[in-house]
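Subject: Structure handover and findings

Dear colleague,

Please find below the structure for your records. I would be grateful if you would read the notes that follow it alongside the coordinates.

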Amino acid sequence: LEASDALELEGGNRMDRSVPVLEDAYRRRRDAAGRTGRRGGSRTVLAKALLESQRSTLLLTGTLRLLNTAIQAFPSVLIARLLRRIEGLGPGAPPGGAVASAVQLVAVLSLKMVVENAYFHNVVKCGARVRGSLGGMIFDKSLRLGSAGAPSSRDKDRDKDGKKGDSKDPRRRAAEGAGGVLNLMTSDAANIEALTLQLHTVWDGLLQIAIYVTLLYRYLGPSVLYGVAVLLTTVPLNAATLRVVNRLNAREMESRDDRMRKTTESIGSMDVLKAAAWDGYFLRDVRGHRDEELRRHARRGSVRALNQAVSNTIPTATLVVTLAMYARSGRPVVASTIFTAISLFNQLRFPLFFYPMLIDSLSNGRNSLGRIAEYLNRDEIVPYVREGERLDLVDGRTGGVMKGGSVELAGGDFLWSGPAEASNADGDYGATRRGVPALRDAAASVGPGEVVAVVGGVGSGKTALCRSLIGELVPSGPAAGADGGGPPLVGV
């Protein structure tokens with residue numbers, strides 16, 4: 001496949017534009033939160049940045065959703081008018097009024113179809129932009145972290161408070177490897193995309209319930225209050241279900257992180273595992289983590305299925321209770337009333353049907369948003385590599401001109417970027433962390449066109465030297481400014 005094979009996207013849907021917009025919004029929100037004394041990488045900050053970056057699309061989809069909800073109430077009203085006109089027709093009476101009501105009903109349903117499709121088209125685009133922007137933001141963040149990552153300020157707060165959740169706990173650090181980053185970019189970003197698709201249901205579902213209950217009260221009178229009482233029983237049930245699903249989802253994500261971490265470790269060290277005949281032990285570990293993940297997924301699915309089954313029976317139970325109380329009231333039972341009530345109850349079924357899905361999306365999205373926010377809040381490596389312009393070099397064999405340059409390293413005191421104690425007592429975001437020493441007073445010089453081999457024993461600093469030249473170590477000592485010195489001189 002070539003780049004030209006992909007469909008051309010409009011500007012707002014291109015990730016090279018969406019990702020910088022989200023990163024800029026997140027940076028401003030984080031800085032604002034830091035000035036007010038709040039943690040800069042919290043879930044709330046990321047949520048506000050997402051809302052800000054998609055503000056125009058959310059306003060558009062919210063307007064379309066509101067318009068669609070207003071239109072949805074008219075078909076039931078037109079059905080009632082149509083049935084009343086049919087009931088009032090005598091022998092030989094012209095059916096003009098009934099035909100006009102039928103035409104109005106078709107027109108309203110057609111308009112509803114157009115508005116509803118426009119809403120879903122735009123909300124799906126919004127969800128895709130959110131997922132792509134988060135994926136790009138996570139990837140950009142991974143390029144600014146060291147090979148071992150760096151604990152977040154959230155971990156620092158928990159460690160200082162002495163609470164459970166050590167920053168060295170693999171469950172809290174599962175997003176450090178390539179597998180963890182991939183998990184954030186796929187599973188967690190997809191959960192937030194699903195939440196974006198259901199976001200307007202939070203307010204629109206309540207609005208639809210209020211509209212339909214009002215219309216039912218108009219046609220059925222006080223009898224509908226008994227049905228409302230049945231609906232209110234779902235409120236504590238949904239609240240309890242949300243707490244249970246949220247807890248089960250968090251445990252499932254922990255199992256998934258453990259499996260991804262062990263799988264990534266196995267793949268990265270496959271030659272060692274084969275040589276030492278350890279592949280069977282790692283295979284059992286991976287399968288054990290996978291089995292635990294599936295068990296927790298099955299438990300969460302059981303709770304969701306039970307909640308879905310109860311929610312699907314609520315509209316029918318509400319209809320039966322309401323019509324039974326209406327029949328006991330002694331009011332006339334006519335087609336224009338009964339069929340209109342059935343139509344309204346069918347419309348009422350949709351917000352009640354989507355609320356269990358909303359609960360699941362809120363649970364998944366909340367956990368995923370926290371995991372992504374925690375990863376984005378990890379301390380980054382101090383940039384110290386100075387890149388210059390490439391030089392035009394002449395190839396000695398062919399005489400052609402090629403791009404090249406030189407490498408200079410002086411005053412190289414570096415630390416590995418692994419977890420350690422924070423040098424900032426306040427634990428502010430971006431505080432430098434000091435890890436295990438990697439290099440001390442290192443120097444290197446590679447001229448244009450030179451080919452240099454780095455040789456030495458195990459632990460002599462070959463890897464550290466290469467990492468220092470590409471900016472993946474943490475400057476330390478005088479080079480880091482501890483006694484007024486400047487950063488290491490690394491020029492490429």
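The notes below cover the nonpolar cores, one buried residue and one helix pair.

This is a predicted model, in which local features need pLDDT of at least 70 and side-chain atom pairs count only at pLDDT 80 or more, while totals for chains, interfaces and linings use all residues. Residues are numbered from 1 along each chain as its sequence is written, and side-chain values use heavy atoms, leaving out hydrogens and water.

The largest nonpolar core (buried Ala, Val, Leu, Ile, Met, Phe, Trp, Tyr and Cys joined through side-chain atoms within 4.5 Å) has 24 residues, of which Tyr26, Leu46, Leu50, Leu134, Ile192 and Ile372 touch the most other members. At least two of its residues come from each of H1 (15-35), H2 (43-53), H4 (96-143), H6 (178-198) and H12 (335-376); helices are DSSP runs of H or I, at least four residues, numbered from the N terminus. Another core, of 22 residues, lies apart from it and includes Tyr219 and Leu352.

Gln198 belongs to helix H6 and is buried, at 10% relative accessible area (buried means under 20%, with a 1.4 Å probe and protein chains only). Beyond four places in sequence, Gln198 contacts (heavy atoms within 4.5 Å) Phe354, Met357, Leu358 and Ser361.

In the helix pair, Val230, Leu231 and Leu232 of H8 meet Thr234, Val235 and Pro236 of H9. These contact residues comprise 5 nonpolar, 1 polar and no charged.

Yours sincerely

Definitions and conventions. Ala, Val, Leu, Ile, Met, Phe, Trp, Tyr, Cys and Pro count as nonpolar, Asp, Glu, Lys and Arg as charged, and the others, Gly among them, as polar. Buried means under 20% relative accessible area, exposed over 50%, partly exposed in between (1.4 Å probe, protein chains only).
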